[in-house]
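Please work through the exercises below with the sequence and the model open side by side. Each one sets a task and then solves it step by step.

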Amino acid sequence: MTKIFSAIILIALVITGLTFSCTRIDAGHEGILVKQYGSDKGVQDVSLVTGRVFYNPLSENVYEFPIFIQTADYEAFNVNAKDGSVFTVDPTISFAVTPGKSPHIFSKYRKRIEEITKTTLYNYVKDAFRNQMNKYSTDELISNRQKFEADVQSTLATTLEADGFKLEQLTSGLQYPEAIVRAIDAKNKAVQEAMQVENELKVAEAQAKKLIIQAEAEKKANELKQSALTPLLIQQQFIEKWDGHTPLYGSSPVMFKNVP
C-alpha cells in the first residue's frame with residue numbers, strides 16, 4: 001500500500017512538473033508571458049511579468065526583453081541626395097526598450113529583441129536617412145551636415161518612440177562620394193598653398209622692411225660721421241695717432257704758428 005501511495009505521489013509530482021514551471025526574470029529585463037493556446041490567444045495573450053514567474057510550459061512561454069541601453073552597429077548602405085549624388089551611411093545607434101513597452105513590442109512583431117534589432121530597427125534607420133537625404137542637394141548637405149544629422153536623429157527617435165523604443169544616440173558615419181572628396185581635397189590644398197604663399201610674402205616683406213630700416217640707419221650714421229669731421233677734429237685725431245716722427249711723404253699738419 002505504501003509503495004502504491006509513493007508511486008501516486010511521484011506521478012503527481014511529474015504531472016505537476018510538466019504542467020507548471022518556474023523562471024526568474026533577470027535584473028535589467030522585463031518578462032513577457034505569452035499564451036500559445038486557449039480563448040485568450042490573439043486578444044490578451046501577452047502580459048508583462050517580473051520577478052519569479054510560474055507558467056504552464058504546455059500552453060505558455062516566457063520571454064525576456066532587455067531594457068538596458070544596447071548598441072547596434074549596422075552595415076553601410078547607400079542613399080541618394082536630391083540631385084542624385086550617392087552618399088554612403090555607416091550608422092551606429094544606441095537605444096533601449098521603454099520600460100513597460102515590452103508586451104506592445106512583442107505583440108506587434110512576435111520576435112525577440114535581437115531579431116527586431118537586426119531587421120525592423122535597421123529598416124527604420126534606412127528610412128530615416130533616405131527620407132531626410134531626399135530634402136538636400138549635395139552642396140546643401142555639405143554645408144549643413146550637422147542639421148541633416150540632427151533631422152535624421154529626430155525622425156528616427158519619433159519612429160522608435162511610437163514602437164516602444166527610446167533612441168539614445170545616432171552616429172551616421174556619413175561618407176561623401178569619391179568625386180566630392182577629391183574636390184574637397186583639391187580645394188583644401190589650394191587654400192593651404194595660398195596661405196603658404198601669403199605667409200612667404202609676409203616674411204619677405206618683413207625682411208625687406210628690416211633691410212630698409214638697416215640701410216636708413218647706416219645712412220644716417222654715416223651722415224652724422226661726415227658732419228662731425230671738422231678740420232679741427234681731423235687735426236686732433238692725427239695728433240692722437242702721431243708717433244712723433246716726420247712723415248716720409250706728404251706734409252705734416254702745422255701745429256704751431258711761426259714766431260716772427
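The exercises that follow concern a predicted model, and they go from the overall make-up to single residues.

**Exercise 1. State how many helices and strands the protein has, and what share of its residues counts as buried.**

Solution. Step one is to count the elements, which gives seven helices and ten strands. Step two is to turn to accessibility: of the 260 residues of the protein, 25% count as buried. Step three concerns the contacts with a separation of 6 or more, of which 69% are accounted for by residues 24 or more positions apart.

**Exercise 2. Determine which residues of helix α2 are buried, and what they pack against.**

Solution. Begin with the helix, which spans residues 102–109, and list its buried members: Ser 102, Pro 103, Ile 105, Phe 106 and Tyr 109. Next, consider their directions around the axis; they cover an arc of only 160°, and therefore lie on the same side of α2. Finally, look for the partners of these buried residues, which are the strands β2 (29–35), β3 (46–49), β5 (60–66), β9 (92–97) and β10 (165–171), together with helix α3 (113–133).

**Exercise 3. Describe how α2 and α3 are arranged, and which residues meet between them.**

Solution. The axes of the two helices come within 13 Å and cross at roughly 90°. An angle from 65 to 115 degrees counts as roughly perpendicular, and α2 and α3 are therefore roughly perpendicular to each other. For the side of α2, the residues that take part are Ile 105, Lys 108 and Tyr 109, and they meet Ile 116, Thr 120 and Tyr 124 in α3.

A further residue can be added to this picture, namely Asp 163, which is placed in the loop between α5 (145–162) and β10. Leaving aside neighbours within four places in sequence, Asp 163 is in contact with His 104, Ile 105, Lys 108, Tyr 109 and Tyr 124. Its relative accessibility is 3%, so Asp 163 counts as buried.

**Exercise 4. Explain what sets the backbone of Arg 110 apart, and whether this residue is buried, exposed or partly exposed.**

Solution. First locate Arg 110, which follows α2 and lies in the loop between α2 and α3. Then recall the general expectation: most residues other than glycine have a negative phi. Against this, Arg 110 has a positive phi of about 55° although it is not a glycine. As for accessibility, the value for Arg 110 is 40%, so this residue counts as partly exposed.

**Exercise 5. Classify the aromatic pair of Tyr 74 and Tyr 122, and say where its two members lie.**

Solution. A search of the whole structure finds nine aromatic pairs. In the one formed by Tyr 74 and Tyr 122, the distance is 4.7 Å centre to centre and the angle between the planes is 15°, and the pair is stacked. The pair links distant parts of the chain, since Tyr 74 is in the loop between β6 (70–73) and β7 (77–80) whereas Tyr 122 is in helix α3, 48 residues apart. Tyr 74, at 8% relative accessibility, counts as buried, and Tyr 122 is buried with a relative accessible area of 14%.

Now compare the pair of Phe 77 and Phe 129, whose ring centres are 6.1 Å apart and whose planes stand at 75°, so this pair is edge-to-face. Here too distant parts of the chain are linked, with Phe 77 in strand β7 and Phe 129 in helix α3, 52 residues apart. Both Phe 77 and Phe 129 are buried.

The last step is to join the pairs: Tyr 74, Phe 77, Tyr 122 and Phe 129 belong, with Tyr 136 and Phe 148, to one aromatic cluster. In addition, Lys 126 lies over the face of Phe 77, at 5.9 Å from the ring centre.

**Exercise 6. Find out which residues Thr 117 is in contact with, leaving aside its neighbours within four places in sequence.**

Solution. Thr 117 is found in helix α3. With those neighbours left aside, the contacts of Thr 117 are Ala 72, Tyr 74, Phe 95 and Tyr 122. Two of these residues, Tyr 74 and Tyr 122, form the stacked pair of the previous exercise. The relative accessibility of Thr 117 is 12%, so Thr 117 counts as buried.

Key. Residues numbered from 1 in each chain as written. Predicted model: local features only at pLDDT ≥ 70, side-chain atom pairs only at ≥ 80, totals over all residues. Heavy atoms only, no water. Buried < 20%, exposed > 50% of the residue type's maximum accessible area, 1.4 Å probe, protein only. Helix = DSSP H or I, 4+ residues; strand = E, 2+ residues; numbered from the N terminus. Arc of directions from axis to C-beta. Contact = heavy atoms within 4.5 Å. Phe/Tyr/Trp six-rings, centres within 6.5 Å; stacked < 30°, edge-to-face > 60°. Lys NZ or Arg CZ within 6 Å of the ring centre and 35° of its normal. Axes fitted to C-alpha atoms, helices over the stretch in contact; angles between N-to-C directions. Parallel < 35°, antiparallel > 145°, perpendicular 65-115°, else oblique.
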